[in-house]
Amino acid sequence: STIDEYVQGNASTQEAAAVTDFADKPLVVLTAGVGSDATHTAAQNHLATLSTNSTHRVVDDATHEGLIADQTHAAVTTQAILDVVASVRSAAPLDQ
């Protein structure tokens, strides 16, 4: 199953890379401030432009792992998910 996961992961990555527009679907892009170089930050900025209903939130003192493993930073991640769900349910734009 691990091999299958990696094989499918490659296909999923290619499929995701082909997405060029999310229209007005709510999208929150989270970026860890620690360990994100200029190239990664630019890619994250571009990702946020794929939806007209998006926000890009940089968590300055978080690492990538910290966005899910650190209680304080995981709360930011959880709030981003809740914000997207609320936007979908209410058909209202995301709060910036």
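## The start of helix H4

At the start of H4, the backbone nitrogen of Thr-72 lies within 3.0 Å of a side-chain oxygen of Asp-70. Helices here are DSSP runs of H or I with at least four residues, strands are runs of E with at least two, and both are numbered from the N terminus.

This is a predicted model, in which local features need pLDDT of at least 70 and side-chain atom pairs count only at pLDDT 80 or more, while totals for chains, interfaces and linings use all residues. Residues are numbered from 1 along each chain as its sequence is written, and side-chain values use heavy atoms, with hydrogens and water left out.

## The two sides of H4

The buried residues of H4 (under 20% relative accessible area, 1.4 Å probe, protein chains only) are His-73, Ala-74, Thr-77, Ala-80 and Ser-87. They lie on the same side of H4 because they cover an arc of only 145 degrees around the axis, taken from the directions from the helix axis to the C-beta atoms. Their cover includes strand S1 (27-32), strand S2 (54-59) and helix H3 (66-69).

On the other side of H4, Gln-71, Thr-72 and Arg-89 are exposed, that is, over 50% relative accessible area. Just after H4, Ala-91 has a positive phi of about 60 degrees.

## The chain as a whole

The chain contains four helices and two strands, in the sequence pattern α-β-α-β-α-α. Of its 96 residues, 25% count as buried. Its C-alpha atoms fill a box of roughly 40 × 30 × 30 Å along the principal axes.

Terms used:
Contact = heavy atoms within 4.5 Å. Polar contact = N/O pair within 3.5 Å; in protein donor to acceptor, adjacent residues only side chain to side chain.
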